[in-house]
Amino acid sequence: MSATSDYRKQEESITMSTESAGMGETHELLTLNIGPHHPATHGVLRLITTLEGEVVRDVRPVIGYVHTGIEKTAEDKSYWKVIPVIERMDYLSYYFNAMAFCGAVETLLGIEVPPRAQYLRVIHLELNRLMSHMVWLGTSALDLGAMSMFWYCFRERETILDLFEMSSGARMHTRYIQVGGVIEDIPVGYAARLQKFLDEMPTRADQYADLLEKNEILLSRLRGVCPLDEQTLLGLGVTGPLLRAAGNPWDLRKAQPYSSYDHFDFKIPVGTHGDNYDRFRVRHAELYESVKIIQQALDGLPEGPHITTDRKVALPPRHELATSMEALIHHFKLVTEGFRVPPGECYYPIEGPRGEYGCFVRADGSAKPARVHMRDPSFSNLQATNAMVKDSYIADLIATLAMIDPVLGGIDR
Amino acid sequence: MPDATGLELIAQEIRDAHPDSIIGTDFHRGRAELRINPTSNRDVLTFLSDRGYSFLASLHGVDYYPEEPRLGVLYEMLDMKAVDRISVKARVLVEHPHVPSVVDLWPGADFPERECYDMFGVVFDGHPDLRRILMPEDYEGHPQRRDFPVGGEPVLFTFNEEQSYGKFQ
Amino acid sequence: MEIRRELLAHSSVLSDTPASEADDTARRADFRSRQLLARDMLRGDLEGEALERYVEQSVMTTTLDKAVAWARGNSFFPLTFGLACCAIEMMSIVGMRVDIARFGFEAFRASPRQADLLILSGRVSIKMAPVVRRIYDQMLEPKYAISMGACCTSMGVFNNYALVPSDKFMPIDVHVPGCPPRPESLAHGILRLRDKVQGNSPDGWRERYDAIGTEEILSPTGRDPRDVETDLDTAAIQVFKHGDTAGA
């Protein structure tokens with residue numbers, strides 16, 4: 001009997017609290033290097049974690065493992081040729097990268113984008129947001145152990161990529177958004193296919209919610225885990241779903257609308273506690289809102305040109321090259337040298353799936369940009385990791401990293 | 001954006017509070033910019049923060065080669081309540097590229113300042129951990145300066161693979 | 001029996017019903033004869049030429065190398081090694097549309113010790129190159145590498161200071177072009193690698209240099225490795241042949 005009570009005493013002395021265990025003054029801190037090659041870091045991210053037992057006391061991200069010098073390469077190319085280069089920064093939201101850059105150049109040039117092009121841009125931007133959230137959902141669920149989500153989400157992703165392929169010819173990095181509009185009008189049959197996708201997407205999103213919502217393990221891994229308050233997030237420069245999960249309804253689509261977002265009626269999902277569960281729910285709710293926006297854009301798609309009619313900036317249509325000398329000269333100038341942008345600087349912010357994408361372009365009057373800088377949201381969001389995971393378990397570190405949704409291409413550029 | 005007159009008013013207020021801090025203002029295509037003396041960036045930014053522009057959206061560097069002073073550090077400030085943006089530019093010389101750090105005011109400036117140091121060589125005084133962030137730690141040179149070559153190497157095919165660094169014997 | 005079978009083979013092209021019936025009887029007769037043969041075999045009654053013919057029909061002979069190569073080629077364990085955009089398309093081949101589980105390659109391993117195929121998907125920057133090399137070295141022979149995408153194959157879209165082509169620091173078996181390559185392209189590349197491993201295609205660095213592996217030599221002869229142009233005999237990467245003791 002005494003053995004049992006000893007055992008019971010020992011059992012009761014084990015607590016799950018994350019406070020410092022009273023092991024005396026010399027409890028050891030272990031420095032663990034996670035990455036850069038690790039299945040759970042989303043990309044090549046290296047985390048130098050300082051652990052005390054299972055509890056994370058400090059985490060320092062080391063980045064730069066996929067630094068490609070994109071901004072330097074962009075200074076070497078004409079504005080038209082910068083678009084494919086800059087699309088490859090944040091490789092899950094390529095339309096957003098191109099949109100930010102094209103928006104900045106259009107502001108510097110002072111040209112108007114025709115309304116049809118604006119609506120087409122909105123359709124593709126929101127499709128890209130859906131696709132990015134699908135990849136996030138699939139890989140995060142995979143990290144948390146819910147493996148079947150991966151395949152469901154990638155099934156949706158394939159449908160969306162089919163739509164991208166139909167409108168622009170490529171699945172990823174499509175160069176669809178150009179300075180002045182979009183590269184091509186949507187083909188016949190695109191609207192029908194898009195409508196079919198929009199009809200089934202909300203039910204699919206419901207399916208994902210059903211799969212994950214009542215899952216005990218997922219809920220206990222996400223609910224109440226690693227919350228961070230709004231003030232700290234603002235000081236860290238965090239935007240996007242992370243900030244919205246903490247309660248701040250800041251969304252550039254509503255606050256500083258660009259590309260006719262003010263024509264559409266949609267809501268911004270906002271969380272309350274700012275923990276992992278809220279971040280998860282905010283992104284999931286954004287799926288429905290994106291579907292609403294695309295539906296409204298598709299229904300109200302205006303007629304008109306798909307790119308600006310200013311021939312000094314956009315290529316003339318092919319049939320004019322046979323008849324008009326001016327069109328030929330414009331085409332020649334645009335393809336060989338490119339258009340020149342008057343000197344100036346511009347910072348163009350848009351709302352991407354991870355937060356504020358801002359493109360800073362400095363033009364010096366020549367045909368090549370003098371400086372292109374992308375303010376990437378994952379770069380700022382990653383700084384919040386330390387504040388979020390301090391004093392929580394290492395398994396929560398993995399879950400939080402999944403909920404932050406860092407994309408290393410954008411962080412390292 | 002504050003319009004041109006609003007920008008001038010803000011600039012005047014800052015000049016009154018901190019003389020010798022504002023060198024000039026610029027308003028182009030709807031973008032308001034304050035050009036400031038690099039040493040007084042903390043004063044100006046704190047003033048703007050109290051005025052409402054409390055969110056540091058972006059901190060990045062620009063190389064203005066061949067105009068002097070060559071290196072510029074830009075702060076893009078955002079006022080969330082009034083939905084307003086203002087830019088602050090501080091330009092320093094390559095020979096003496098020191099700018100006070102704002103990490104204690106905005107912890108989110110940590111990585112961007114390190115990136116600016118890595119890419120341009122601007123030293124932020126007061127930054128607790130200023131080392132290279134994107135390039136390897138022992139890299140020499142500041143890649144995004146305009147006089148740094150873009151680099152690159154010839155693509156390896158069968159006919160020219162002998163000329164590459166690692167020789168397959 | 002033979003004449004009837006020829007006639008049947010000819011007529012089955014022109015019409016169905018009579019051919020299927022006659023086909024059926026032919027098959028049944030064929031099956032019966034095989035049954036009797038198997039009964040004789042089990043009793044030990046088959047001898048001489050009949051036995052030889054039986055063995056030839058039912059046993060496949062090959063060399064051990066070929067058999068092992070066949071098994072190896074059908075069971076790659078890729079390493080989960082995604083660097084950039086190509087990683088997303090690599091995740092797609094595990095998905096439903098292009099399903100590499102059809103070929104047996106769906107078991108992506110996280111540990112390099114347990115994997116034998118390194119799919120370098122994405123741009124290799126200067127900081128990452130030594131890490132990739134170390135991971136490649138940790139993999140056990142036989143190991144294969146696929147360079148997926150334009151950035152690691154050639155320099156890709158970005159020919160600048162920050163990237164390293166993968167051929168510079170590790171031997172690559174198959175290069176898959178594209179930016180990013182479609183999942184079907186990558187699947188084609190993996191199948192080409194399978195053909196290579198199974199001995200069906202004689203390209204590749206192992207055949208060209210008649211070698212079995214590579215070894216990285218750091219600072220040859222104690223000198224600065226940047227002086228390699230002056231000394232072409234020692235180099236940062238040497239290919240060792242059969243019989244060399246590599247040592248590392």
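Modeller: Let's agree on one term before we start: a residue is buried if 20 or more other C-beta atoms lie within 10 Å of its own. Please also keep in mind that this is a predicted model.

Colleague: Thanks! With that in hand, is helix α16 of chain A mostly covered or mostly uncovered?

Modeller: The helix spans residues 394-404 of chain A. Among its buried residues are Asp396(A), Thr400(A) and Ile404(A). In total, 9 of its 11 residues are buried, and that makes α16(A) mostly covered.

Colleague: Which residue just after α16(A) takes a positive phi?

Modeller: The buried part of the helix includes Met403(A) and Ile404(A). Just past α16(A), a phi of about 60° is found at Asp405(A).

Colleague: Let's step back to chain A as a whole. What radius of gyration does chain A have, set against a compact globule?

Modeller: The C-alpha trace of chain A spans about 105 × 45 × 35 Å along its principal axes, and 52% of its 413 residues count as buried. For 413 residues, a compact globule would come out near 22 Å. The value for chain A agrees with that, at 24 Å.

Colleague: Which helix of chain A gives the most to the largest nonpolar core?

Modeller: That core holds 205 residues, and Ile86(A), Phe101(A) and Ile146(C) touch the most other members. The top contribution from a helix of chain A is 15 residues, and it comes from residues 115-144, helix α5.

Colleague: Ile146(C) sits in a strand of chain C. How many residues of β2(C) are buried?

Modeller: Tyr144(C), Ile146(C) and Met148(C) point one way from β2(C), while Ala145(C) and Ser147(C) point the other way. Away from its sequence neighbours, Ile146(C) contacts Leu117(C), Val174(C) and Leu193(C), among others. The strand is largely enclosed by the rest of the structure, because the buried count is 5 of the 5 residues.

Colleague: And which residue of β2(C) is the bridge partner of Leu120(C)?

Modeller: Strand β1 (residues 117-121) of chain C runs parallel to β2(C), and 5 bridges join them. Within that pairing, Leu120(C) is matched with Ser147(C).

Colleague: Now the contact between chains A and C. Which helix gives the most to the side of chain A that touches chain C?

Modeller: Here 27 residues of chain A are in contact with 29 residues of chain C. On the chain A side, α2 (70-74), α3 (79-87) and α6 (148-168) each supply at least two residues. By kind, that side divides into 14 nonpolar, 8 polar and 5 charged residues. The top contribution is 4 residues, from α6(A).

Colleague: On to chain B. Which strands stand at the edges of its sheet?

Modeller: The sheet is open and mixed, with 5 strands in the order β1-β2-β5-β4-β3. Neighbouring strands are turned by 20° against each other on average, direction ignored. Two strands have a single partner each, so one side of each is left without a neighbour in the sheet: β1 and β3.

Colleague: Last one: what angle does the direction of α2(B) make with that of β5(B)?

Modeller: Strand β5(B) pairs with β4(B) in the antiparallel sense over 9 bridges, and one of the bridge pairs is Leu71(B) with Val92(B). Helix α2 (residues 41-51) packs on this sheet, touching β2, β4 and β5 of chain B. Helix α3 (residues 110-120) of chain B packs on the sheet too, at about 5° to β3(B). For α2(B) and β5(B), the angle is about 175°.

How values were computed
Residues are numbered from 1 along each chain as its sequence is written. Chains are lettered from A and ligands numbered from 1 in the order in which they are written. This is a predicted model: local features need pLDDT of at least 70, side-chain atom pairs count only at pLDDT 80 or more; totals for chains, interfaces and linings use all residues. The radius of gyration is taken over C-alpha atoms; the globule rule is 2.2 Å times the number of residues to the power 0.38. A residue is buried if 20 or more other C-beta atoms lie within 10 Å of its own, exposed if 12 or fewer, and partly exposed in between; C-beta atoms are placed from the backbone. A nonpolar core is a set of buried Ala, Val, Leu, Ile, Met, Phe, Trp, Tyr and Cys residues joined through C-beta atoms within 7 Å. Two residues are in contact if their C-beta atoms, placed from the backbone, lie within 7 Å. Ala, Val, Leu, Ile, Met, Phe, Trp, Tyr, Cys and Pro count as nonpolar, Asp, Glu, Lys and Arg as charged, and the others, Gly among them, as polar. Two strands pair if DSSP finds at least two bridges between them. Axes are lines fitted to C-alpha atoms, for helices over the stretch in contact, and angles run from 0 to 180 degrees between N-to-C directions. Lists of a residue's contacts leave out its neighbours within four places in sequence.
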